[in-house]
Amino acid sequence: NNLGNAMAELGMPEEAIACYRLALGIKPNSAETALNLGTVLVKIGKNEQAIVCFQKALALKPDHSEALFSLGIVSNNEDRLEEALDYYTKALANKPLYAAALNNMGNVLLKLERPDEALAVLIKALEIKPNYVEAHSNLGNALKEQNCTDEAIASYCKAISINPNFADAHCNLGVLFKELGDLDKAMTCFSKALEVKPDYAEANYNLSLAFLLKGDFERGWKGY
């Protein structure tokens, strides 16, 4: 199991999977190893196999918050939003101060167009973990949905101040500036997001759209 963890940290998923499977062969009742195997399987897109691992962890340890959380991630990734919400709720019932579960729940509630509830859980996540970059960015999204523009900008900027290389916050801020009609600021944000994450499709799309809106059709159509 420890060797698998080391391989996972080194970005060697196949080797990590082999180690975890070997560990489970020796100690089949290890909920932690089943969880770790599932986590790596999610990272390489093998969701169905991952679900089996997470459910095994839960069978061994029914109150395993991390396994419930991980099932929530898979459900969210596959747009089974109500199911994801249920898993996060169960994870939090066992571990009320689980900031990551609160953040992910907030993200799901935003997708379900329930910004008031999203706002409440994201604020709670930040009370537990004040420098939680993803939660600040998601809080910005919730505030944006409530037309609290200044507060949303402040949340995105807070996320960026904590981690200047967090591409999502740059992109989210750019989208807000674009909607406000400030294309120059929006383009700066999208460019920064792409500098940090060159394959960021959403930032590339929005930057190209901003070029088109400014009448720069050559650069706009090139990346659109």
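## Pockets, a core and an exposed proline

Tutor: Start with the second largest pocket, whose volume is about 190 Å³. Keep in mind that this model is predicted.

Student: Which residues line the second largest pocket?

Tutor: Leu-35, Asn-36, Thr-39, Val-42, Lys-43, Phe-54, Glu-66, Phe-69, Ser-70, Ile-73 and Tyr-98 line it. What makes each one a lining residue is an atom within 4 Å of a pocket point.

Student: Which elements give two or more residues to that lining?

Tutor: Helix H3 (31-43) and H5 do. H3 gives the most, with 5 residues.

Student: How does the lining of the second largest pocket divide into nonpolar, polar and charged?

Tutor: The split is 6 nonpolar, 3 polar and 2 charged. Lys-43 and Glu-66 are in the lining. Lys and Glu count as charged, so these two fall in that group.

Student: Now the largest pocket. What is its volume?

Tutor: About 440 Å³. Its lining has 18 residues. Asn-107, Asn-138, Asn-141, Asp-168 and Asn-172 lie nearest the centre.

Student: What makes Asp-168 charged and Asn-107 polar?

Tutor: Asp is on the charged list; Asn is on neither the charged nor the nonpolar list, so Asn counts as polar. In total, this lining holds 4 nonpolar, 8 polar and 6 charged residues.

Student: Which helices each supply at least two residues of the lining of the largest pocket?

Tutor: Helix H7 (99-111), helix H9 (133-145) and helix H11 (167-179). H9 gives the most, with 6 residues.

Student: Why is Pro-62 called exposed?

Tutor: Its relative accessibility is 64%. Exposed means over 50%, so Pro-62 counts as exposed.

Student: Where is Pro-62 found?

Tutor: In the loop between helix H4 (47-60) and helix H5 (65-77). Its C-alpha atom is 9.9 Å from that of Ala-31, and the two residues are 31 apart along the chain.

Student: How many residues does the largest nonpolar core have?

Tutor: It has 77. Leu-37, Phe-54, Tyr-98, Met-105, Leu-173 and Tyr-200 have the most contacts inside it. H7 gives the most to this core, with 8 residues.

Student: How do you know that Tyr-200 is buried?

Tutor: Tyr-200 belongs to the core. A nonpolar core takes in buried residues, and buried means under 20% relative accessible area, so Tyr-200 must be under that cut-off.

Student: Which residues is Tyr-200 in contact with, leaving aside neighbours within four places in sequence?

Tutor: Ala-167, Asp-168, Cys-171, Ala-193 and Leu-194. Contact means heavy atoms within 4.5 Å, so each of these five meets that limit with Tyr-200.

How values were computed. Residues are numbered from 1 along each chain as its sequence is written. This is a predicted model: local features need pLDDT of at least 70, side-chain atom pairs count only at pLDDT 80 or more; totals for chains, interfaces and linings use all residues. Side-chain values use heavy atoms; hydrogens and water are left out. Helices (H or I, at least four residues) and strands (E, at least two) are DSSP runs, numbered from the N terminus. Buried means under 20% relative accessible area, exposed over 50%, partly exposed in between (1.4 Å probe, protein chains only). On a 1 Å grid over the protein atoms alone, a cavity is a set of points where a 1.4 Å probe fits but cannot get out, and a pocket is an open set with protein on both sides within 12 Å along at least five of seven lines; lining residues have an atom within 4 Å of a point. Grid points are joined across faces, edges and corners, and a volume is the space filled by probe spheres set on the points. A nonpolar core is a set of buried Ala, Val, Leu, Ile, Met, Phe, Trp, Tyr and Cys residues joined through side-chain atoms within 4.5 Å.
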